[in-house]
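Me: I'd like to learn how to read a protein fold, one feature at a time. Can we go through this one together?

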Amino acid sequence: MKRNSILVRLGFCTGLLSVFAANAQNNVIDEVAWVVGDEAIYKSQVEEYRRDAQLEGVHFDGDPYSLIPEQLAVNKLFMNQAQLDSIIVTDAEVYDQVNRYYQHMVDQLGSVEKLEEKRSMTSAQIKDHLYEQLYQQMVIERVRRKIVEKVKVSPADVRRYLKDIPLEEIPYIKTQVEVQIITIDPVIPQEEIDEVKAELRDYADRIQSGKTTFSTLAILYSEDPGSAQNGGDCGFKGKGELVPEFAAVAFNLTDPAKVSKIVETEYGFHIIQLIERMGDRVRVRHILRRPKVPDESVNECLARLDTIAEDVRTGKKSFEEQVILYSQDKESKNNKGLMVYRPDDFTPGTSKFELQYMNQDVARVVNGMHVGEISDPFVMQLPGKVTCAVVKLKSRIEGHKASMAEDYQILYDMVRGIKYDEAIDKWIREKQRTTYVKISPGWDKGGFQYPGWGER
């Protein structure tokens, strides 16, 4: 089952290996390796895929000249099903991912110039190819979701899995902790705020007067590392992907030649410029500036938290009462201060953390604490800002073999993944039997995950 997962998802997990293979044949006479339905898979596509895999350090568990065309054939089965199911992926969704992946590639190599040199393409050509591949990946992912949408997992399934699995294969769960937290943000003096606002007004004036461009100033001055290198370009976003204050202004912009008023969010102060709108998504540039937090404000904050912690230690107040009275952490304040780990948007949150997945400032403090202990106050770095915190270690579960009592959600996710793979495997084999496939001589050596191609 593991090999099934690797093959079916190969195109999703190897850094876009086939990004540059889609149009490899161009108009040059090319060898047809496979035909799937009424579509050809060309030798040049297979070669480009293989070369990109080598660049990414990907190892094929078998002959790449069997595995790669088979993966491309499986992708064609998914794409054909997408047409039958009228699955739609919008340009805005794809362009958002294009910008993300392009920036990731630039960050990995250090500069746009190095990326263009490595791929022997201009940035525009790279983005065009990214679009083609990401569009296909997003469509295939939606087909996959549709295939598994009726898959159900019951507690009995999880118990059966744990009962049947060999003892040595029961997953080992690393030490986990539950942590309650109180955070208080240092007070930023008004003069620091006024200085940042004056800088942003000056930027806006220079842009509006034509003295410089928004992109240039974003590269030079924006304190958002995720967009500054890209001239402040945030890519296409939906309202739910932006903090409310930012979204309210970004989605009301109508003139790309204008610069927004100054917008305050939890990350600092911004000015925004519209690039384009597409349906319910918007693409904007922004410049972020953050007022400096003076050491005196941090020290005052730490002293206040020290008093709060001491009142808990001496029994004057419970930690939970202090959370309600003082904590400024939005995510945990209404949860008795309990921190929650959410690995992604699709997985339910859990209060149990492995230390490696916890904020590293918190993890460093918690690592040496005893259950029930209250920490000394400390400075905590969050995305875009500095805050001060004090924590209580609520529980610690030492590393152990997974059990139903302590690790049900982990085991549930594992069983669900197995069932998803089984459903996808069954679907592929059924489609394989009903789809016309012809493999050219020299490409039919076997070693496929799904034997039987071309036997219809």
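**Reading the sheets and helices**

Reply: Sure, let's start with one pair of residues: glutamine 176 stands opposite isoleucine 397 in strand S11. Before going on, note that this is a predicted model, where local features need pLDDT of at least 70, side-chain atom pairs count only at pLDDT 80 or more, and totals for chains, interfaces and linings use all residues. Residues are numbered from 1 along each chain as its sequence is written, and side-chain values use heavy atoms, with hydrogens and water left out.

Me: How many bridges join S4 to S11?

Reply: Helices (H or I, at least four residues) and strands (E, at least two) are DSSP runs, numbered from the N terminus. Two strands pair if DSSP finds at least two bridges between them. Here S4 (residues 176-184) and S11 (residues 385-397) run antiparallel and are joined by nine bridges.

Me: What is the strand order in their open sheet?

Reply: The order of its four strands is S9-S4-S11-S10, with antiparallel pairing. S9 (353-354) and S10 (378-382) are the edge strands; each has a single partner strand, so one side of each is left without a neighbour in the sheet.

Me: Which helix packs on that sheet?

Reply: For contact, look for heavy atoms within 4.5 Å. For angles, axes are lines fitted to C-alpha atoms (for helices over the stretch in contact), and angles run from 0 to 180 degrees between N-to-C directions. Helix H12 (residues 295-313) packs on the sheet and touches S4, S10 and S11, its direction making about 30° with that of S11.

Me: And how do I read a helix pair, such as H12 and H13?

Reply: Two packed helices are described by the angle between their axes and the distance between the axes. The axes of H12 and H13 (residues 319-326) come within 9 Å and cross at roughly 150°. H12 and H13 are therefore roughly antiparallel to each other (under 35 degrees is roughly parallel, over 145 roughly antiparallel, 65 to 115 roughly perpendicular and the rest oblique).

Me: Which residues meet there?

Reply: Arg304, Ile308, Asp311 and Val312 of H12 meet Phe319, Gln322 and Tyr326 of H13. These contact residues divide into four nonpolar, one polar and two charged. For that split, Ala, Val, Leu, Ile, Met, Phe, Trp, Tyr, Cys and Pro count as nonpolar, Asp, Glu, Lys and Arg as charged, and the others, Gly among them, as polar.

Me: What is the order of the open sheet of three strands?

Reply: That one goes S2-S1-S13, again with antiparallel pairing. S2 (39-42) and S13 (437-439) stand at the edges with a single partner strand each, so one side of each has no neighbour in the sheet. S1 (residues 32-36) pairs with S2 over four bridges, including tryptophan 34 with isoleucine 41. S1 and S2 form a hairpin with two residues between them, and glycine 37 in the turn has a positive phi of about 65°.

Me: Is valine 437 in S13 buried or exposed?

Reply: Buried means under 20% relative accessible area, exposed over 50%, and partly exposed in between (1.4 Å probe, protein chains only). Valine 437 has 6% relative accessibility, so it counts as buried. Not counting residues up to four places away in sequence, valine 437 touches Trp34, Val35, Val36, Trp453 and Gly454.

Me: What about the whole chain?

Reply: The chain has 16 helices and 13 strands, and 45% of its 456 residues count as buried.
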